[in-house]
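Biologist: I would like a close look at a single part of this protein, please. Could you walk me through one strand and its surroundings, and then the pocket beside that topic?

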Amino acid sequence: MNKPVILTLDDDPNVLQAVARDLRSKFGSDYKITRADSGDSALELLTALKERGDRAALLLVDQRMPKMSGVDFLEKAVEIYPDARRVLLTAYADTDAAIKAINDVQIDYYLLKPWAPPEEKLYPVLVDLLDDWHVANPPPFEGIRVVGNRWAPALHQIKDFLARNHVPYLWLDPETSDEAKELIESVKADKLELPCMFFPDGTVLQRPENLKIAEKVGMQTVADQPFYDLIIIGAGPAGLAAAVYGASEGLNTLVIEEKAPGGQAGMSSRIENYLGFPGGVSGGELAHRAVTQAKRFGVEILTARQAAGLRAEGPSRVIELADGSELECRSLIIATGVSYRKLEAPGIEKLTGAGIYYGAGMTEGPTLKGADVYVVGGANSAGQGAMYFSKYASKVTMLVRGDSLSASMSRYLIDQIDATDNIDVWTRSAVAEAFGTDRLEKLAIDRDGENTTVETSGLFILIGAKPRTEWLGDAVARDEHGFVLAGPDVRSKDSLTLLGPSDRLPYLLETSMPGVFVAGDVRSGSIKRVASAVGEGSMAVNFVHRYQAEC
Ligand SMILES: Cc1cc2nc3c(=O)[nH]c(=O)nc-3n(C[C@H](O)[C@H](O)[C@H](O)COP(=O)(O)OP(=O)(O)OC[C@H]3O[C@@H](n4cnc5c(N)ncnc54)[C@H](O)[C@@H]3O)c2cc1C
């Protein structure tokens with residue numbers, strides 16, 4: 001296969017030559033570096049590349065060009081290569097135009113001229129962007145094939161698990177794909193239970209659980225040691241931040257994650273308010289970066305393993321896993337976040353996974369091409385979901401209980417929704433019933449007191465959350481909604497005696513069990529944001545150090 005292309009565009013021959021030289025010296029072995037001296041010739045070049053089947057990874061474009069500005073060019077180039085990373089090269093005087101372009105054309109970055117030394121000012125940014133591009137655009141497929149009926153909930157579980165763990169796969173529908181039929185026939189079994197996974201080494205897994213998949217694709221599912229300085233339950237932003245800080249500060253650290261690193265943030269199609277990412281970042285990308293960072297510091301991450309119990313045994317904290325095995329540590333951080341509240345209406349439970357999904361269901365996006373999709377919820381997560389589906393579906397309708405979005409959603413998202421032609425917002429609306437035999441076919445909607453029935457194949461529910469703390473039982477004090485109490489809240493609950501013989505007050509993020517801390521959405525009173533989860537995860541590690549030094 002041809003190398004992916006990096007295109008650089010500048011009308012100044014000296015600058016063009018210098019950029020191309022720097023690009024070639026760093027990226028020439030892995031990418032084809034091409035250049036153009038005008039917007040028109042660059043567009044012709046991209047069209048020809050596209051026709052040849054080449055992939056474009058990055059467009060590095062000068063803003064100031066007399067015939068066609070960099071922003072104008074990128075606006076056109078996006079139609080040819082929508083996934084290529086887009087970088088504008090600007091003079092200081094043009095930074096306003098560049099910042100505006102981040103919103104208008106969704107450029108990924110702007111770089112200031114001059115960019116010397118490239119090792120500091122050019123390469124780090126481009127390396128990051130190219131890494132992201134590779135994650136989002138894996139090369140043509142030679143790996144795992146998943147065969148299953150489009151509407152089977154078990155297929156959704158497999159696709160979701162693989163996608164969220166960044167394992168490339170190809171889904172084949174047995175009703176329409178000849179390859180799927182051939183694969184099924186190749187298995188000499190009396191009865192094959194779909195969905196099935198076919199691996200390049202010939203292994204076939206029928207209706208596999210996440211743990212089986214994780215083991216087969218080589219994810220770590222068993223801890224290397226029986227005892228750790230720090231164990232973290234949950235690999236969302238809070239857990240991953242705690243892991244990075246813990247391991248980088250010398251703690252022998254293990255993370256236990258039930259589904260996939262990234263947590264709720266991993267389901268977000270675009271996080272626009274996280275510091276340092278002016279063009280926004282998808283939750284998947286953010287999680288991928290955090291996992292790479294954590295592993296670089298030696299963190300072990302167990303995937304598809306669920307914490308099911310916690311107890312203290314002298315100075316050790318013992319975690320029981322769902323399969324009955326146990327792991328011990330000196331300190332524990334609970335970072336299990338929240339999960340979606342269930343929508344109570346007839347028909348919803350039966351069709352969950354078969355057209356009805358909790359969360360933004362990003363794996364389903366491309367399969368909904370041309371469909372009419374409904375999104376329930378009026379907060380930021382629902383808004384992001386609607387924006388994401390508007391790229392695939394012909395129409396997205398948001399069902400919002402309240403009178404408007406303004407009480408529950410950030411202004412920037414409301415503006416984006418207003419500006420998107422194929423999103424409708426129905427206020428004072430709720431799902432009354434879902435209909436379908438083996439997949440969602442119709443919804444009865446109560447719209448401002450009137451009953452309306454609509455045909456649809458996709459309903460996405462994003463309606464608030466409840467803490468993932470049932471597994472803790474009475475091990476630590478929780479508030480009336482189940483969120484874990486910490487620091488001053490533990491004191492006010494009069495649970496102080498639980499902190500043992502030292503009779504000290506709990507540290508800020510310490511729970512009622514000494515040495516056990518809590519961070520992120522699962523904490524009572526937490527602010528449900530990526531940045532605050534990351535902040536609490538890193539703060540919790542500081543208290544772990546104090547606990548281990550003083551207690
Ligand atoms: C669709 C969507 C869009 C969002 N967009 C934004 C945004 O734009 N900006 C923003 O700031 N915030 C956004 N949020 C909110 C943000 O994602 C959360 O505040 C943040 O992810 C909380 O991080 P956390 O680590 O505390 O918990 P979570 O992200 O919930 O992670 C908890 C992890 O713990 C795991 N877990 C739970 N129980 C167990 C167990 N027993 N054993 C093992 N593992 C377990 C879960 O599988 C999960 O991976 C969004 C949320 C959603 C759902």
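Modeller: Happy to! A residue is called buried under 20% relative accessible area, exposed over 50% and partly exposed in between, with a 1.4 Å probe and protein chains only. Helices (H or I, at least four residues) and strands (E, at least two) are DSSP runs, numbered from the N terminus. This is a predicted model, where local features need pLDDT of at least 70, side-chain atom pairs count only at pLDDT 80 or more, and totals for chains, interfaces and linings use all residues. Residues are numbered from 1 along each chain as its sequence is written, and side-chain values use heavy atoms, with hydrogens and water left out.

Let us start with strand β12, residues 300-303. In a regular strand the side chains alternate between the two faces of the sheet. Both faces of β12 are covered: Glu300 and Leu302 are buried on one side, and Ile301 and Thr303 are buried on the other. The strand pairs in the parallel sense with β11 (residues 253-257) over 4 bridges; two strands count as paired if DSSP finds at least two bridges between them. Leucine 302 of β12 is the bridge partner of isoleucine 256.

Together with α11, these strands β11 and β12 make a right-handed β-α-β unit. Right-handed here means that, with the strands pointing away from the viewer, the path from the first strand over the helix to the second runs clockwise.

Helix α11 also brings us to the second largest pocket, since that helix gives the most to its lining, with 8 residues. A pocket is an open set of points on a 1 Å grid over the protein atoms alone, where a 1.4 Å probe fits, with protein on both sides within 12 Å along at least five of seven lines; lining residues have an atom within 4 Å of a point. The space in this pocket is about 380 Å³, a volume being the space filled by probe spheres set on the points, which are joined across faces, edges and corners. It is lined by 20 residues, and the closest to its centre are Tyr274, Leu286, Ala290, Gln293 and Val534. Two or more lining residues come from each of α10 (237-248), α11 (283-296) and α16 (530-550). By class, the lining has 13 nonpolar, 5 polar and 2 charged residues, where Ala, Val, Leu, Ile, Met, Phe, Trp, Tyr, Cys and Pro count as nonpolar, Asp, Glu, Lys and Arg as charged, and the others, Gly among them, as polar.

For the wider setting, the chain has 16 helices and 26 strands, and 54% of its 551 residues count as buried.
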